[in-house]
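The following report describes selected features of one protein model for a reader who has not met it before. Please consult the sequence and the structure while reading.

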Amino acid sequence: MSINYQDRIPNNVDLGSNRTLQRALEHWQPEFLKWWQDLGPRDFQVANVYLRTATSVDAKGWATYGFVHMPDYRWGIFLADRDPERRIGFGDNYGQEVWQQIPGEFRAILRRLIVTQGDTEPASVEQQRMLGHTAPSLYDLRNLFQVNVEEGRHLWAMVYLLHAYFGRDGREEAEELLERHSGDANKPRILGTFNEPISDWLSFFMFTYFTDRDGKFQLKSLAESSFDPLARTCSFMLTEEAHHMFVGDTGINRVVRRTLEVMKELGTEDPLAVRNAGAIDLPTVQKYLNFWFSSSLDLFGSETSSNAASYFANGLKGRPDEAQYEDHIAAEQAFTLELPDGNGSTKTEQIPMRNAMNEVTRGSYVRDCELGLKRWNRLIEKAGYSFRLSLPSTRFRRNIGSWAGVPTDLTGRPILPEQFNSTIGEWLPSDSDRAYIMSLMHGVHEQGKMAAWIAPPDRGINNNPVDYEYVKMH
Ligand SMILES: [Fe+2]
Ligand SMILES: [Fe+2]
């Protein structure tokens, strides 16, 4: 169904035919707009931003571009088209018809899954709300705002499901999604990473590379769900999510490129010399990477999880790209885990495959993360330097799962707590690293200009030049 922009709430779910639902969402809409004004991008609500808006949900030409004041962005409800042939793709009900309504016994679990996903969307907008002031260029400023309005739309996507399928408790959950706030001492966001402040652009690029990629894998798991409306919502969200990861990938690429230029100019790799020249030394890039990668790994949950097993068995949440697996029932297989043995060494343990679904998804995520590192390292190699960026072990600095609180080095080797504490400053951004990065953060809001710590992108947005006026301040 095509997208209807005539309604107050743009949608392709024929909202007009369900007056009760339409009224309930129209009641939530002003609360959303108030939240956007209060906790969305600070001080840029009057700016005119070159943004894309979804116009259809098919692969080609789903977006139109134009100048929009962010509060006027047409947030709406867009689901991928329904496939009437779609069947349950995994678990105990493999091959049966997918559900258009929620079976009563899975109501509470599905609500929890939707609320947890929904909570991350406005959280990231809150985390990023001050970044506009320090954007390295108008191009980057525009990308930030594009990510922000789309995370706002992802909130709409989850709120629609809550309103349409969960009645009164769904409506209450939708209100609470606007009441919890990132970093709030009393009412924090549900997941840890989404309470971490993002106060500089290196962190923003790391977040969009590593944490939005967690989002990609969560959405891919939910896009397999037997609850068809959830699957269709998440399928469309994935097309938007791709841009967020592009921002992170190319952002880090441009930081590395600029650093290499400076190293060439100076004829040295010395981090201090690189900093004195106003660029970001590669060891500092590695530290930020260690921080955000390890933080994002926790979002997948424990290695062994009876919840994950029951989500899989019942067809609620699958494996990303389930079609690539041969056995969609996964009832007989086992998975081997390497766990800490409590004596500074490791032991192996076999667990049922269904209980290992979090770890399976985390593994796919890690392989996807590696692709960017390969590209960035190719730049470094081509420039003639031996430094390489690398992902730390998935055991490093974990707060959730078997490795939570177990001190290890970057390779995942268990070490003594004293050793960990005395070396952590070499592995994660120290106060002085953060102070240095913050010292680079000055907004460059002039058309055609770019901050000195980052290279310009290869191309602009939608075939426009890099130095296009992507954001008009008034
Ligand atoms: Fe999102
Ligand atoms: Fe995102």
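Along the sequence, the donor residues of the iron ion (ligand 1) follow the spacing E-x29-E-x2-H. These protein donors are E121 (OE), E151 (OE) and H154 (ND1), and they lie 2.1 to 2.2 Å from the ion. Donors here are N, O and S atoms within 2.8 Å of the metal (3.2 Å for Na, K and Ca); water is not among the atoms, so sites may look incomplete.

The model is a predicted one, in which local features need pLDDT of at least 70 and side-chain atom pairs count only at pLDDT 80 or more, while totals for chains, interfaces and linings use all residues. Residues are numbered from 1 along each chain as its sequence is written, chains are lettered from A and ligands numbered from 1 in the order in which they are written, and side-chain values use heavy atoms, with hydrogens and water left out.

E151 and H154 are separated by about one helical turn, because they stand 3 residues apart in helix 3. Helices (H or I, at least four residues) and strands (E, at least two) are DSSP runs, numbered from the N terminus. Both E151 and H154 are buried, a term that means under 20% relative accessible area, with exposed meaning over 50% and partly exposed in between (1.4 Å probe, protein chains only).

E151 also bridges the iron ion (ligand 1) and the iron ion (ligand 2), which lie 3.4 Å apart. The iron ion (ligand 2) is coordinated by E151 (OE), D212 (OD), E241 (OE) and H244 (ND1) at 1.9 to 2.2 Å. The spacing of its donor residues in sequence is E-x60-D-x28-E-x2-H. D212 belongs to helix 5 and E241 to helix 6 (residues 228–266), so this pair ties together parts that are 29 residues apart in sequence. The angles among the 4 donor atoms of the iron ion (ligand 2) run from 84 to 167°, and the site is irregular. Four donors would count as tetrahedral if all angles lay between 85 and 135 degrees; four count as square planar and six as octahedral if opposite donors are over 155 degrees apart and all others between 65 and 115; anything else is irregular.

Helix 5 (residues 201–222) has 22 residues, which at 1.5 Å a residue should span 32 Å; its end C-alpha atoms are 30 Å apart, which agrees. The expected span is 1.5 Å times one less than the number of residues. All of helix 5 is covered in this sense: 22 of its 22 residues are buried. At the start of the helix, a side-chain oxygen of D200 reaches to within 3.0 Å of the backbone nitrogen of L202.

Several residues can be compared by relative accessibility.

| Residue | Relative accessibility | Status |
|---|---|---|
| D212 | 4% | buried |
| E241 | 3% | buried |
| N143 | 2% | buried |
| G132 | 2% | buried |

N143 is placed in helix 3 (residues 138–165). Contact means heavy atoms within 4.5 Å; leaving aside neighbours within four places in sequence, N143 is in contact with H243, V247 and I461. G132 is in the loop between helix 2 (107–127) and helix 3. With neighbours within four places in sequence left aside, the contacts of G132 are F44, L141, L144, F145 and H445.

Note on methods
A polar contact is a pair of N or O atoms within 3.5 Å; within protein, one must be able to donate a hydrogen and the other to accept it, and residues adjacent in sequence count only if both atoms are side-chain atoms.
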